Amino acid sequence: MENIDLALVNWSRLQFGLTAMFHWVFVPLTLGLSFIMAIMETIYVRTGNPEWKRITKFWMILFAVNFAIGVATGLILEFEFGTNWSNYSWFVGDIFGAPLAIEGIMAFFLESTFVAVMFFGWEKVSKRFHLVSTWLVAVGASLSALWILVANAWMQNPTGMRFNPDTARNEMGNFWEVLFSNTAINKFLHTVSSGYVLGAIFVIGISAWFILKKREVLFAKRSMLVASIFGLIMSLFLIVTGDESAREIAKVQPMKFAAMEGLYEGRNNAPLVVIGLIQNPDPDTTQLNEKEFAFKVEIPNLLSYMAFLDPNAFVPGIRDLVRGNRDQGIISYYERIKRGKVAINTLAEYKEALRNGDEVRSGMLRARFDDPHWVNTYFKNFGYGYYDDPADLIPSVPVAFYSFHLMVILGGLFLIVFILTAFWVLKDTIETKRWFLRVAIWTIPLVYIAGMAGWLLAEMGRQPWVIQDLMPTLAAVTKIEASSVQITFWLFALTFTILAIAEVRIMLAQIKKGPKDGGK
Amino acid sequence: MIILSCSFNHLTVKKNIFQRVFYFYYEGFRSMTIGRTLWMIILIKLFIMFVIFRLFFFPNFLNTNFDTDQERSDHVIEELTKPSNDYGKH
């Protein structure tokens, strides 16, 4: 790898980001809408009121549009792993392959079987069997998401594996440790609950449009009631899972945690920045490309509490992580870079010894990879060895800070929307709140932005890592021509744009038709 | 097996399980309205993804360029153990 082509790395990242974000346009609505439909159908089965069947069938059509256009878009990510990220694909071994295989099988059997019953089964199967199918579609969709999120969580916090220097692959040591790591649990719960919130906001927004148009008002109010109560419960759950996620990030990805708060100097009783504006220092004399706040509003002690459930706790800043902090037991990035180089050189020397037939030396070097102390001290810093300047190990602070705060602020807005919707629907005054109905419609794009901001924080906030501490993005990429990645990037952009336009047009047409007989 | 117990209004009870499942899907697809458009989109999309993208633009790099797992792992190890100054800034 003579001077890695940064254009290649950046185009590969851009392409993956585009694909993943496009895929995420469809997934959360599938997750959220499926549960809302299941609740509506449950009310229908319990009350026998055909109006609820009509309501369920209308939302099922929008679910179908979203499902059909979104299905299989995630497969492109798997193509990209093999073509653009071959070093990474090889290195992760069966850790990534196993969850993705389970996801594929589950998605195929659960969704293809029960989605068919859900759409084709009205009047053909019993009410209860149809209801069970709808619930299984909802549960199956979330369980499908589980496996890919487990794989992503492993990249954020690699655990439950051992590295095999003979194959250069990580091998699954403990499947349950991978599946039930705190990072995986938090990632799954927080991500799917964000999808549930998105589904609820979507239903409220569309229903608001019907009320503003003075069409299908009863349908709209009933839909709003279900969505607002569901959304309210899920928003509260989202706050809990978000809080847990933040604590986990503080523990396993302290650099991301510091970046998302723009915290350079670690401290006890660290305040949480509620809002702030980041700027470059003038003059910039820092060595770490540091930023500063033009202004900020803080809540004292809250960051310490959020990170460690202790308002007096020490929260390490970016400088502490780079330069080390002996009092807090933090090893500097300079030291970790040295240890990483030792790990990389050990792997290179081991292969060299094997090539030369030096059994004594190769056996000695091989044993290091089985020694827990050596693995913890050196191999766990493997990725740091690719760098010389610790400044390259700091993610973009503005991206991490703004995406985190945007996500949290919008999450607060959605909570208010759910409370007000439920309150005014129950008081039967929602029709008079025309300003609020307009706000509800405009909240739909905002909930998508909130979801994207969450993923930006998760993925950009952990740069330069593709696998935390083990593999940086630049070592993961396949050495191919940057121009070929550019071509596929633009092909994807074109295809995705066409699909997105088709989604919006078909969905708008169905919404305008309204809940008639439900259709198919 | 659950489908065995389903009641079909318009099918004779003499049809076996496979025929019933077949007709369930067949009639379902036949009676679709918006669903036809969606299936068309799905099929076109799958064609673009699996035939055009996969075949012409997304070969599996390691499978295409190396014959055995040993060669693949040797290649990746060589890539991963290049001197660090060969890597640029991210």
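**Guided tour: chain B and the aromatic pairs**

Select chain B first: of its 90 residues, 34% count as buried (under 20% relative accessible area with a 1.4 Å probe, protein chains only). The model is predicted, with local features needing pLDDT of at least 70 and side-chain atom pairs pLDDT 80 or more, while totals for chains, interfaces and linings use all residues. Residues are numbered from 1 along each chain as its sequence is written, chains are lettered from A, and side-chain values use heavy atoms, without hydrogens and water.

Colour chain B by secondary structure: 4 helices and 0 strands appear (DSSP runs, H or I of at least four residues for helices, E of at least two for strands, numbered from the N terminus).

Turn next to the aromatic pairs, of which the structure holds 46 over all chains (ring centres of Phe, Tyr and Trp, the latter by its six-membered ring, within 6.5 Å; planes under 30 degrees apart are stacked, over 60 edge-to-face, the rest tilted). Select A:Trp24 and A:Trp455: the centres are 5.7 Å apart and the planes lie at 75°, so this pair is edge-to-face. A:Trp24 belongs to helix H1 (residues 6-47) and A:Trp455 to helix H16 (residues 434-460) of chain A, 431 residues apart. Both A:Trp24 and A:Trp455 are buried.

Move to A:Phe58 and A:Phe219, an edge-to-face pair with 5.2 Å from centre to centre and 85° between the planes. Because A:Phe58 lies in helix H2 (residues 50-70) and A:Phe219 in helix H8 (residues 217-252) of chain A, the pair ties together parts 161 residues apart in sequence.

Finally, select the cluster that ring pairs form from A:Phe22, A:Phe26, A:Phe79, A:Phe492, A:Phe496, B:Phe50, B:Phe53 and B:Phe58.

Methods:
Buried means under 20% relative accessible area, exposed over 50%, partly exposed in between (1.4 Å probe, protein chains only).
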